[in-house]
Amino acid sequence: MPGLEDLYREIILDHYRSPRNRGSLETPPAVVAQGHNPLCGDEIQVYLLVENGVVADVKVGGQGCSISQSSASMMTQAIKGKPLPEAQRVLDAFRRMMGLEVDGDAPDEPVKLGDLEALQGVVKFPVRIKCATLAWTTLAQAIDEVTA
Ligand code: ZN
């Protein structure tokens, strides 16, 4: 990953080597969504368990490059235990950071993305943006299923 700053590279590699919240959840009560990035061969399953409007648990399965897998790991950390609207705000903020279109205006108060900010350098590599956003696109599908 040339061009990424060392600190960011460290954060990404840490999540890649020790992914958080890996595994699966029983469906139902959880829902599962599948994501695939044919450009790179990344595959992701997002298991989402929402209870009383809160992300009670989230797990990720699949395989792929360090960007896709570390982004998924950071995503689980960023949304677990959060009320669904707050998880949605993180999702929107991350999409904005990656230069994707998001419905509605940006919130007045910036959303803190923590480790996820390590991925902002990926914007410089358009071919990798799909890697970084795969887990999030898949999460959006899972949320759609929950709220349907
Ligand atoms: Zn990839």
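Here are four short exercises with worked solutions on the structure above, which is a predicted model.

**Exercise 1. Fold and overall form**

Work out which order the helices and strands follow along the chain, and decide what the radius of gyration says about the protein.

Solution.
- Start by counting elements: the protein has four helices and three strands.
- Next, read along the sequence, where the pattern is α-β-β-β-α-α-α.
- Now turn to the radius of gyration. For 148 residues, a compact globule would come out near 15 Å; the protein has 14 Å, which agrees.
- To put box dimensions beside that value, take the C-alpha trace, which spans about 45 × 35 × 25 Å along its principal axes.

**Exercise 2. Inside, outside and charge**

Find what share of the residues is buried, and describe the surface and the charged side chains.

Solution.
- Of the 148 residues, 45% count as buried.
- The accessible surface comes to about 7700 Å², and carbon and sulfur atoms account for 49% of that area.
- For the charges, count 14 positive and 20 negative side chains. The centres of these two sets lie 5 Å apart.
- A last check concerns contacts between residues at least 6 apart in sequence: 62% of them join residues at least 24 apart.

**Exercise 3. The zinc site**

Identify which protein atoms act as donors of the zinc ion, and explain what the pair Cys65 and Cys131 ties together.

Solution.
- List the donors: SG of Cys40, Cys65 and Cys131, together with two entries for Asp42 (OD). They lie 2.1 to 2.7 Å from the zinc ion.
- Write the spacing along the chain, and you get C-x1-D-x22-C-x65-C.
- Then place the pair in the fold. Cys65 lies in the loop between strand S3 (54-63) and helix H2 (66-79), while Cys131 lies in helix H4 (residues 126-147), so the pair ties together parts that are 66 residues apart in sequence.
- Finally, check burial: Cys65 and Cys131 are both buried.

**Exercise 4. A close look at Ala87**

Decide whether Ala87 is buried or exposed, and find which residues it is in contact with beyond its sequence neighbours.

Solution.
- Locate the residue first: Ala87 sits in helix H3 (residues 84-97).
- Its relative accessibility is 0%, and the cut-off for buried is under 20%, so Ala87 counts as buried.
- Set aside neighbours within four places in sequence, and the contacts of Ala87 are Val55, Ile79 and Lys82.
- For a distance to try in your own viewer, use the C-alpha atoms of Ala87 and Gln63: these residues are 24 apart along the chain, and the atoms are separated by 23 Å.

Note on methods
Residues are numbered from 1 along each chain as its sequence is written. This is a predicted model: local features need pLDDT of at least 70, side-chain atom pairs count only at pLDDT 80 or more; totals for chains, interfaces and linings use all residues. Side-chain values use heavy atoms; hydrogens and water are left out. Helices (H or I, at least four residues) and strands (E, at least two) are DSSP runs, numbered from the N terminus. The radius of gyration is taken over C-alpha atoms; the globule rule is 2.2 Å times the number of residues to the power 0.38. Buried means under 20% relative accessible area, exposed over 50%, partly exposed in between (1.4 Å probe, protein chains only). Contact means heavy atoms within 4.5 Å. Accessible areas come from the Shrake-Rupley method with a 1.4 Å probe; for residues, only the protein chains shown count as cover. Lys and Arg count as positive and Asp and Glu as negative; His and the chain ends are not counted. The place of a charge is taken as NZ of Lys, CZ of Arg, CG of Asp or CD of Glu. Donors are N, O and S atoms within 2.8 Å of the metal (3.2 Å for Na, K and Ca); water is not among the atoms, so sites may look incomplete.
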